[in-house]
Amino acid sequence: MKHPSLFAMMTAVAALVCFLVPSTLKADETDTLSTSLLPALLTLMQADTTGYILPDTGVTKFYGSNTWEIDKPYDGAPYYGQDAQFNPASQQMSYTDNGDGTVTDNLTGLMWMQADDGEEHIWAEAVADCKYLTLSGYSDWRLPSLHELFGIVDKGKSNPAINPLFTTNFSMYWTSDTDASYNDRAWFILFYGGITLSGSKYDAHGVRCTRSQTIRPEKEYIVNNDVVFDTSTNLMWMQSDDGILRNWENSLSYCENLTFAGYSDWHLPNINEVESILDLTKQFPVSSIDPVFSCQFGSYWSSSTYPIKTESLEYKYDGYAYAAYFPPGQVHNDYKFENNYVRCVRSGPLQ
């Protein structure tokens with residue numbers, strides 16, 4: 001496995017220290033803080049994050065409080081700061097059709113079955129089918145984790161919410177993650193719109209196996225000055241939210257106007273960023289997030305509009321946005337006029 005050069009890693013560490021050590025600290029305080037950060041910095045130097053990039057969501061259009069498109073908002077205008085406002089070219093979903101029934105994700109390095117087998121399976125069968133699969137000369141296939149499968153959900157599409165390069169015969173696909181609170185249940189993804197659900201392992205869903213070409217780096221969080229830096233995604237998070245419930249529009253505005261821990265470039269995270277800090281190993285009622293974070297029991301907004309237009313007798317064409325429950329760790333959709341919690345994010349120093 002190729003590792004970054006020593007010079008590159010030392011440069012990254014120096015940049016990280018500059019971002020994480022406030023300039024207002026006294027000399028002795030800086031020495032103490034640098035010593036406390038040293039183990040985490042050494043871990044970062046040893047980690048290989050060069051082969052993994054958190055994919056963007058696929059959302060490229062702009063929306064108001066409903067699910068109808070609007071013009072791109074300018075800075076300071078209502079709805080500024082939503083998902084499509086931040087679309088770095090390096091994180092756009094990119095795939096290679098290998099021409100042998102497999103597709104490689106160019107960002108994560110994962111190889112996928114291009115088409116499912118056309119049959120639905122209970123969870124144990126799904127695990128076994130991938131384990132014993134031989135395809136394209138490879139025999140190390142496995143059922144993907146929820147995080148891996150969620151990464152190929154295209155949140156700008158619906159029914160199915162996935163690149164048309166893939167053949168998709170079903171709306172629900174199994175993941176390898178057992179529900180930590182109920183051993184007879186496992187997580188699956190609804191590819192109609194891209195939400196995650198936990199269901200009985202005896203239900204039958206589609207199967208799309210994957211194999212690793214690049215190993216996703218282990219989660220390593222560095223905490224300082226009320227922020228949490230995720231070394232695997234280079235994202236910096238508020239360690240604690242303010243405990244205030246807001247609708248979607250107000251949540252966008254809150255993060256865009258926030259100055260916190262010396263930074264003023266915060267934004268409301270997209271749903272892939274929110275999902276990246278979920279920890280599905282936690283059993284209810286423990287919140288499904290690393291304990292380095294302070295977290296409310298409830299739902300947290302993302303900046304990503306849910307792609308499906310809805311109409312009901314009571315709320316005509318009111319739009320949805322993606323959100324996530326902490327706990328149990330479910331990605332769902334919610335009316336934009338509803339009130340949820342907010343945890344803002346910014347891009348970290350290693351870009």
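Here is a walk through this structure, from the overall build to its cores, its disulfides and one of its pockets. Keep in mind as you look around that the model is predicted.

Let's start with the whole chain. It runs to 351 residues, and buried residues make up 50% of them. Along the way you'll meet 6 helices and 14 strands. How do parts of the chain that are spread out in sequence meet up? Take the contacts between residues at least 6 apart in sequence: 68% of those join residues at least 24 apart.

Now head inside. In soluble globular proteins, nonpolar side chains tend to be buried together. Here the largest nonpolar core has 43 residues, and the members that touch the most others are L149, F150, F191, F293 and F326. Which elements build this core? At least two residues each come from α4, β5 (185-190), β10 (235-238), α6, β12 (320-326) and β13 (331-335). Of the contributors, β12 gives the most, with 4 residues.

Pick out F191 and look at what surrounds it. If you skip its neighbours within four places in sequence, F191 is in contact with L149, V153, N159, P160, A161, I162, S171 and Y173. Apart from the largest core there is another one, made of 19 residues, and Y79, I222, W266 and V342 are among them.

Next, the disulfides. The count for this model comes to 2. If you number the bonded cysteines along the chain, the pairing goes 1-2, 3-4.

One of these links is between C130 and C209, whose sulfur atoms sit 2.0 Å apart. Left-handed or right-handed? The torsion about the S-S bond is about -85°, so this disulfide is left-handed. The link also ties together distant parts of the chain: C130 belongs to helix α3 (residues 123-131), C209 to the loop between β6 (195-200) and β7 (210-211), and the two are 79 residues apart. Are these cysteines buried or exposed? A residue counts as buried when its relative accessible area is under 20%. C130 comes in at 0%, so it is buried, and C209 is buried too, with 3%.

The other link joins C255 to C344, with an S to S distance of 2.1 Å. It is left-handed, with -85° about the S-S bond. Again distant parts of the chain are brought together, since C255 lies in helix α5 (residues 248-256) and C344 in the loop between β13 and β14 (345-347), 89 residues away along the chain. Both C255 and C344 are buried.

For a contrast with those hidden cysteines, try Y132. This residue is in the loop between α3 and α4. Its relative accessibility is 63%, and that is why Y132 counts as exposed. Y132 and R142 are 10 residues apart along the chain, and their C-alpha atoms are separated by 8.4 Å.

Last stop: a pocket. Rolling a probe the size of a water molecule over the atoms shows where empty space is left. The second largest pocket has a volume of about 500 Å³. Of its 18 lining residues, R216, K219, L278, D279 and L280 are the closest to its centre. The elements giving two or more residues to that lining are α4 (146-150), β4 (172-178) and α6 (271-276). What kinds of residues make up the lining? They split into 6 nonpolar, 5 polar and 7 charged. You may recognise α4 and α6 here: each also supplies at least two residues of the largest nonpolar core.

Definitions and conventions. Residues numbered from 1 in each chain as written. Predicted model: local features only at pLDDT ≥ 70, side-chain atom pairs only at ≥ 80, totals over all residues. Heavy atoms only, no water. 1 Å grid on protein atoms, 1.4 Å probe; cavity = no way out; pocket = protein on both sides within 12 Å on 5 of 7 lines; lining within 4 Å. Points joined across faces, edges and corners; volume = space filled by probe spheres on them. Nonpolar A, V, L, I, M, F, W, Y, C, P; charged D, E, K, R; others polar. Core = buried A, V, L, I, M, F, W, Y, C linked by side-chain atoms within 4.5 Å. Buried < 20%, exposed > 50% of the residue type's maximum accessible area, 1.4 Å probe, protein only. Contact = heavy atoms within 4.5 Å. Disulfide = S-S within 2.5 Å.
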